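What follows is a guided reading of one structure, passing from the packing of its helices to its core and then to a few single residues. Please keep the sequence and the coordinates at hand while reading.

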Amino acid sequence: MPIQSIPNVTQADVRAMVDSLAARLALNPDDPAGWLMLARSYRYFDRYEDAANAFAKAGSAIESDPLALTEYAEALARSSPNGFAGEPTALLGRALALNPKEPFALTLAGAAALERRDYDGAIAYWQQLHELLPPDSDAARAVNDSIERARGQRDQNTTSDKVGVEQPS
C-alpha cells in the first residue's frame, strides 16, 4: 500500500480553520472542548485577548486541567495592562493545586512572583521547576539563569533599600 503524502497546510489554511471554528462556536456556543481548541488556536497566533475570551467560555473543559488553566492565566496576563495581578495569579494557584509539578504553571508562577517583586517566591517556583528538568538540558540552564537573575535583583533591591538609611552610631 503506498504511503499517502500529507498535504501542505499553510498559515492561511490554519487561520481559515480557526475562523471556521469561531463561526461554528458563535452558532453553537455550548461546546467547552471547542472553546478550548479555539483559545489554544488564538494563543498560537498571539491573539491573547481573543484567547482569554475563548478560555472564559471553555468552562468545564479547563476547570480540572492544570495546563489549560495556566494557558488561560498567560492569555489574561498578556492581554491586560495589569499583567499577572488578580485573576491570572488565582488561575496559576488553581493549576498548581491540581498539579504542583506542572512545568508551565511553575514557570509562570515564578514570572508572576517576579513581576510583584517577590524574588524569593520566584526563586522557589523556578527551583521546583529546575528539579523537574534534565540537569544538562538547555531548559535547565535557562531556568538556572532566571534563578540567578532573580537572586541578583533581590540582592540589588536589598542593598538599595539599605542605602540612605542612617546607621546607628
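A crossing is called left-handed if the near helix is turned anticlockwise from the far one by less than a right angle, and right-handed if clockwise. With that convention in mind, and remembering that this is a predicted model, we can begin with the helix pair α3 and α4, whose crossing is left-handed. The two helices, α3 (48–58) and α4 (66–78), pack at an angle of about 140°, with their axes 8 Å apart. That angle makes α3 oblique to α4, because only angles over 145 degrees count as roughly antiparallel. On the α3 side the contact is made by Tyr48, Ala51, Ala52, Phe55 and Ala56, and on the α4 side by Ala68, Glu71, Tyr72, Glu74, Ala75, Leu76 and Arg78. Sorted by class, the residues of this contact are nine nonpolar, no polar and three charged.

The other face of the account of α3 concerns its packing with α2. Here the angle is about 165° and the axes are again given as 8 Å apart, and α2 and α3 are therefore roughly antiparallel to each other. The crossing of α2 past α3 is left-handed. From α2 the contact draws on Pro32, Trp35, Leu36, Leu38, Ala39, Arg40, Tyr42 and Arg43, which meet Tyr48, Asp50, Ala51, Ala54, Phe55, Lys57 and Ala58 of α3. By class, the contact of α2 with α3 comprises eleven nonpolar, no polar and four charged residues.

Phe55 of α3 appears in the contact with α4 and also in the contact with α2, and its own list of neighbours lets the reader follow both. Leaving out residues up to four places away in sequence, Phe55 touches Leu36, Ala39, Arg40, Arg43, Ile62, Ala68, Glu71, Tyr72 and Ala75.

Which residues have the most contacts inside the largest nonpolar core? That core has 42 residues, and those with the most contacts inside it are Leu38, Tyr42, Phe55, Ile62, Tyr72 and Trp126. At least two residues of this core are supplied by each of α1, α2, α3, α4, α5 (87–98), α6 (103–115), α7 (119–132) and α8 (138–162). The largest share, seven residues, comes from α4.

Besides α3, the helix α4 also packs with α6, at an angle of about 30° and with the axes 9 Å apart. The helices α4 and α6 are therefore roughly parallel to each other, since angles under 35 degrees are counted in that way. Their crossing is left-handed. Leu67, Thr70, Glu71 and Glu74 of α4 make the contact with Phe104, Ala105 and Leu108 of α6, a set that by class holds four nonpolar, one polar and two charged residues.

Further along α6 lies Gly110, which counts as buried at 0% relative accessibility. Not counting residues up to four places away in sequence, Gly110 touches Ala122, Tyr125 and Trp126, and Trp126 is one of the residues with the most contacts inside the largest nonpolar core. The separation between Gly110 and Ala77 is 13 Å in space, C-alpha to C-alpha, across 33 residues in sequence. In helix α8, Ser146 counts as buried as well, at 17% relative accessibility. The C-alpha atoms of Ser146 and Ala105 are separated by 15 Å, with their positions 41 residues apart along the chain counted as the sequence separation.

The loops between helices complete the picture. Is Asp31, in the loop between α1 (11–27) and α2 (32–44), buried or exposed? Asp31 is buried, with a relative accessible area of 19%, a value that falls in this class because the limit is under 20%. Apart from its neighbours within four places in sequence, Asp31 is in contact with Arg24 and Leu25.

Asp46, by contrast, is exposed, with a relative accessible area of 53%, and is placed in the loop between α2 and α3. The phi angle of Asp46 is near 60°, a positive value in a residue other than glycine. Arg117, in the loop between α6 and α7, likewise has a positive phi, near 65°, although the residue is not glycine. At 64% relative accessibility, Arg117 counts as exposed.

Methods:
Residues numbered from 1 in each chain as written. Predicted model: local features only at pLDDT ≥ 70, side-chain atom pairs only at ≥ 80, totals over all residues. Heavy atoms only, no water. Buried < 20%, exposed > 50% of the residue type's maximum accessible area, 1.4 Å probe, protein only. Contact = heavy atoms within 4.5 Å. Core = buried A, V, L, I, M, F, W, Y, C linked by side-chain atoms within 4.5 Å. Helix = DSSP H or I, 4+ residues; strand = E, 2+ residues; numbered from the N terminus. Axes fitted to C-alpha atoms, helices over the stretch in contact; angles between N-to-C directions. Parallel < 35°, antiparallel > 145°, perpendicular 65-115°, else oblique. Nonpolar A, V, L, I, M, F, W, Y, C, P; charged D, E, K, R; others polar.
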